[in-house]
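Biologist: I have a structure on my screen and would like to learn how to read it. Where do we begin?

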Amino acid sequence: MTAIRSVVLAGVSGNLGPAILSAVSAAPFNVTVFTRPGSSPPKTPGVETIEVDYESIDDLASKLHGKDAVISTIPPTAAAAQTNLIHAAATAKVARFIPSEFGSDLDNPLNRAAPVYRPKVEAQELLKSLAAEGKLTYTIVYTGAFLDWGLRAGFPINPVKKIAALHDGGERLYSTTTLATIGKAVVGVLNHVEETKNRVVRVGEASTTLKEVLALSQEIVGSDGWTVTEPDTTEAVEKALVQVKQGNISHETIFPFIFKAIWGAENGGHFDKTDNELLGIQQLDKAGIKRVIQSVVDGE
């Protein structure tokens, strides 16, 4: 497979998109950002921005002509747009498609069966089908929880607001990765096209527990004034599933499945094996995790 030169990013206005855009645009690629009419993607020197109609496969395919790779961070709430983008990439003979994954391990059957992940699973199956027909190749990137974003958003620990939810007691190891390192991992995929062809890659910048993250946070901001809870992930999912079956889709009914995928007993939230070495990812030790927490507390 020839080297990747020309890269398209779609869905860059969310939480992760800007970090991937920053990493890819700093690498030696020709980068184009697809945007909806009227949206305002991040301004990046040397990056071309093109308005597209995500409802038109023909429009997308015409604008993908001559591109080597597509990176999607389109959210699951806009799954139809990513589906059209995948079909358009196949039509335009784009070599590599990296779908909007970047989270929990959906090769785990418990996670794969969760209703919240259905759009991602359907995208994977479509890519596998097209790859089997020789129409494109793909790489699925699992990164675990977003470390720095989670600390800012209270997902599930916020050191600034001193709030922590220790799911299932907070003692299980889990894999977690900062947004910037996810961007670096994507660049690593693009630079290792053969080694990452038609497969899952797993990235885990740090292996830790919620109790450890809480303890490190308290070393920085103090141990007084915290609100700490210990939600049961199984119980929360059972309650959420009742609501989902009734058609009630909201953050309150979606997040329990995500929490269980990361911190549940048998959901594979900790990656025993990763592709860190292949993709050039350095593992954070406890001091490194503490530096990330400090940067969040400092507002960086």
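Modeller: With the labels. Helices and strands here are DSSP runs, numbered from the N terminus; a helix needs at least four residues and a strand at least two. This is a predicted model. Now take a loop: Pro-156 lies in the one between α6 and β8 (157–158).

Biologist: What is the peptide bond from Phe-155 to Pro-156, cis or trans?

Modeller: Look at omega. The bond is cis, with omega near -5 degrees.

Biologist: Next, backbone phi. Which sign does phi have at Phe-102?

Modeller: Positive, about 55 degrees, although Phe-102 is not a glycine. Phe-102 sits in the loop between β5 (96–98) and α4 (109–112). Buried means under 20% relative accessible area. Phe-102 has 3%, so it counts as buried. Lys-162 also has a positive phi, near 60 degrees, and is not a glycine either. Lys-162 belongs to the loop between β8 and β9 (163–165).

Biologist: Now a helix. How many residues has α12, and how far does it reach?

Modeller: Helix α12 covers residues 286–297, twelve in number. From first C-alpha to last it reaches 17 Å, close to the 16 Å expected at 1.5 Å a residue. Check both ends too. At the start, a side-chain oxygen of Asp-285 comes within 3.2 Å of the backbone nitrogen of Ala-287. After the helix comes Gly-299, with a positive phi near 80 degrees.

Biologist: Which residues of α12 are buried?

Modeller: First the general idea. An α-helix has 3.6 residues a turn, so residues three or four places apart point the same way. In α12, the buried residues are Gly-288, Ile-289, Val-292, Ile-293, Ser-295 and Val-296. They lie on the same side of α12, because they cover an arc of only 160 degrees around the axis.

Biologist: What do the buried residues of α12 pack against?

Modeller: Three elements: α6 (147–153), β12 (206–208) and α8 (210–221).

Biologist: How do I read the surroundings of one residue, say Thr-178?

Modeller: Place it, check burial, then list partners. Thr-178 is in the loop between β10 and α7 (179–191). Thr-178 is buried, at 8% relative accessible area. Beyond its neighbours within four places in sequence, Thr-178 touches Leu-147, Asp-148, Glu-205 and Val-292. Val-292 is one of the buried residues of α12. With Glu-205, the side chain of Thr-178 makes a polar contact of 2.7 Å.

Biologist: How many cavities of 30 Å³ or more does the structure hold?

Modeller: Two. A cavity is space where a 1.4 Å probe fits but cannot get out. The largest has a volume of about 70 Å³. It is lined by 13 residues; Leu-147, Leu-151, Phe-155, Pro-156 and Tyr-174 lie nearest its centre. Elements giving two or more residues to this lining are β7 (145–146), α6, β10 (174–177) and α8. The largest share, three residues, comes from α6. Remember the cis bond: it runs from Phe-155 to Pro-156.

Biologist: And the open spaces? Which residues are closest to the centre of the largest pocket?

Modeller: Start with volume: the largest pocket holds about 1300 Å³ of space. Of its 45 lining residues, Asn-15, Pro-75, Pro-76, Thr-77 and Lys-120 are closest to the centre. Elements that give two or more residues are β2 (30–35), α5 (118–132), β7 and α10 (251–263). The largest share, six residues, comes from α10.

Methods. Residues are numbered from 1 along each chain as its sequence is written. Side-chain values use heavy atoms; hydrogens and water are left out. The expected span of a helix is 1.5 Å times one less than its number of residues. Buried means under 20% relative accessible area, exposed over 50%, partly exposed in between (1.4 Å probe, protein chains only). The arc is that of the directions from the helix axis to the C-beta atoms. Contact means heavy atoms within 4.5 Å. A polar contact is a pair of N or O atoms within 3.5 Å; within protein, one must be able to donate a hydrogen and the other to accept it, and residues adjacent in sequence count only if both atoms are side-chain atoms. On a 1 Å grid over the protein atoms alone, a cavity is a set of points where a 1.4 Å probe fits but cannot get out, and a pocket is an open set with protein on both sides within 12 Å along at least five of seven lines; lining residues have an atom within 4 Å of a point. Grid points are joined across faces, edges and corners, and a volume is the space filled by probe spheres set on the points.
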